[in-house]
Amino acid sequence: MTFHEPWRLRAAFARSLSDMYGNEVPAYTTLLEVSHEVNADFVAANGADAERLGSIGRVTAERHGAIRVGTPTEIAQVARIFGAMGMHPVGFYDLRDASSSAVPVISTAFRPVDRAELARNPFRVFTSMLVTGDRRFFTADLEQRLERFLGARALFGPELLALADRAEADGGLEDDDAQTFLRLATEAFELSREPVDQAWYRELEAVSAVAADIGGVASTHINHLTPRVLDIDDLYARMQARGITMIDAIQGPPRWEGPDVLLRQTSFRALAEPRTFRTPSGEIVEDSLRVRFGEVEARGIALTRAGRAAYDAAVVEVDERAVGLPEAERQAVARDVWQKTFPTTESALADQGLGYFTYEVHDGGTVSREPVVYEDFLPRSAAGIFQSNLTDEGSKDASQEGTDRDADWMSGALGRDLNDPFDLYTRQVEDSLSAAARTLDVDPQTLSAATTTPGALA
Ligand code: OOG
Ligand code: NI
């Protein structure tokens, strides 16, 4: 009998979710096809350089998913299921303020945290939960009814949760249990065919389409799955050429001549999918909902706290200077701001302490610095992705106080430590430095001072 360690469960789950989503959302299959074409062409054109931020094997298999749940109880269960697959909560995102539309959620991402685990399979899931007590969105009366509805549903069955706990405790599952676990976990994220309570769904939708998607139905579903591409501008153009409507912009940094940092993302618009509804008089009617879409991303170099502060300031400056401009001109403004903010070479990014780089020893005792890939998300881009797929802005009463939520609160809800992304990247760099120093039998300090040529095998 094979024993399935967490990373095997994670890799198998990513595949099974992708197969399921491809069956349910055919446009996702098109997105995968086009992503493969873009990546193959990029590797053919750029050779070894194309794999600087990840082997083509990893990039081709790489996905992130997004799910949305309603309560602390539900997100704690999600944490157990992903914990079984070696995916741990990283980062806290508050999308309530990052968006002008009504997006009443806070989020974290479940992902592998160790370098070796990321290399085995980097699957990650952006997970959002409703803040039902936030008066900018929900009245006390609606909050109560929402809580009652959410409290009465069970997104994950006892067998799935028990297998998850066992996998986490034992460091994996035997073959039969692994297959059952994977089947139940995949089913939990399928779109339910149960009729939707029309009045309830529409009432929530008037407040927030996201709230309706989460709390208007008795189950959850995978909301999108995102492949990774090496050239997102090329992908965007090719999808449009195939007649697929894309959202207006690529979120995140602009295309420019310097190193890619953080994350660039775009998506095709949520498609109208047929759903059945139960009307207030009990009649079952056919209608449609636009809740699932397809997203794609290009990953760049992880930024240090200083680099991230520069990024955040650049985003604000672009916003201010590009008010009212069409997308092409906004891109030109963004490039201009980028040229002032970031150096055009990886070595300068490293020397100025803006990006994370590990220390790698090569044959002959030379050392190079290699970029660390950004493994996380961006609140502003996430809000942009949410927002461009909403059918309706919803309503937000800005005169009300928001409910305080932060990383500590999220950690408490999860019943687990919440990892800080900056700490994880810093640890990765420090580990590489001490390993390199050990190999060469030198002092880590001298090594970090002497190594100034990222990528170069000097
Ligand atoms: C999540 C949107 C955010 C990303 O990649 O930034 C996201 C959602 O739509 O539930 O997935
Ligand atoms: Ni996403």
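In this predicted model, the donor residues of the nickel ion (ligand 2) follow the sequence spacing H-x159-H-x70-E. The residues behind that pattern are His64 and His224, each of which coordinates the nickel ion through its NE2 atom, and Glu295, which does so through OE, at 2.1 Å. The two histidines bring together distant parts of the chain, since His64 belongs to strand E2 and His224 to strand E8, 160 residues apart. Both His64 and His224 are buried, a term that stands here for a relative accessible area under 20%.

The strands that carry these two histidines belong to one sheet, and that sheet is a good place to continue. Strands of a sheet pair through backbone hydrogen bonds, in either the parallel or the antiparallel sense. Here five strands form an open sheet with mixed pairing, and reading across the sheet gives the order E3-E4-E5-E2-E8. At the edges stand strand E3 (88–94) and strand E8 (224–227), each of which pairs on one side only, while neighbouring strands are turned by 20° against each other on average, direction ignored. Within this order, strand E2 (residues 63–69) and strand E5 (residues 124–130) pair in the parallel sense over six bridges. The nickel donor His64 stands opposite Arg124 in E5.

Where, then, is space left inside the protein? A search of the whole structure finds three cavities of 30 Å³ or more, and the largest cavity holds about 130 Å³ of space. Its lining is made up of 15 residues, among which Ala66, Phe126, His224, Ile385 and Phe386 lie nearest the centre of the cavity; His224 is thus named both in this lining and among the donors of the nickel ion. The elements that contribute two or more residues to the lining are E2, E5 and helix H15 (379–388), and the largest share, four residues, comes from E2. Sorted by class, the lining of the largest cavity has eight nonpolar, five polar and two charged residues.

The second largest cavity, with about 60 Å³ of space, has a lining that can be listed in full: Arg68, Arg153, Asp213, Ile214, Ser219, Thr220, His221 and Asn223. Of this lining, one residue is nonpolar, four are polar and three are charged. Strand E2 can be followed here too, as Arg68, which lines the second largest cavity, falls within residues 63–69 of that strand.

Notes. Residues numbered from 1 in each chain as written. Chains lettered and ligands numbered in written order. Predicted model: local features only at pLDDT ≥ 70, side-chain atom pairs only at ≥ 80, totals over all residues. Heavy atoms only, no water. Pairing = 2+ DSSP bridges. Axes fitted to C-alpha atoms, helices over the stretch in contact; angles between N-to-C directions. Donors = N, O, S within 2.8 Å, 3.2 Å for Na, K, Ca; no water. Buried < 20%, exposed > 50% of the residue type's maximum accessible area, 1.4 Å probe, protein only. 1 Å grid on protein atoms, 1.4 Å probe; cavity = no way out; pocket = protein on both sides within 12 Å on 5 of 7 lines; lining within 4 Å. Points joined across faces, edges and corners; volume = space filled by probe spheres on them. Nonpolar A, V, L, I, M, F, W, Y, C, P; charged D, E, K, R; others polar.
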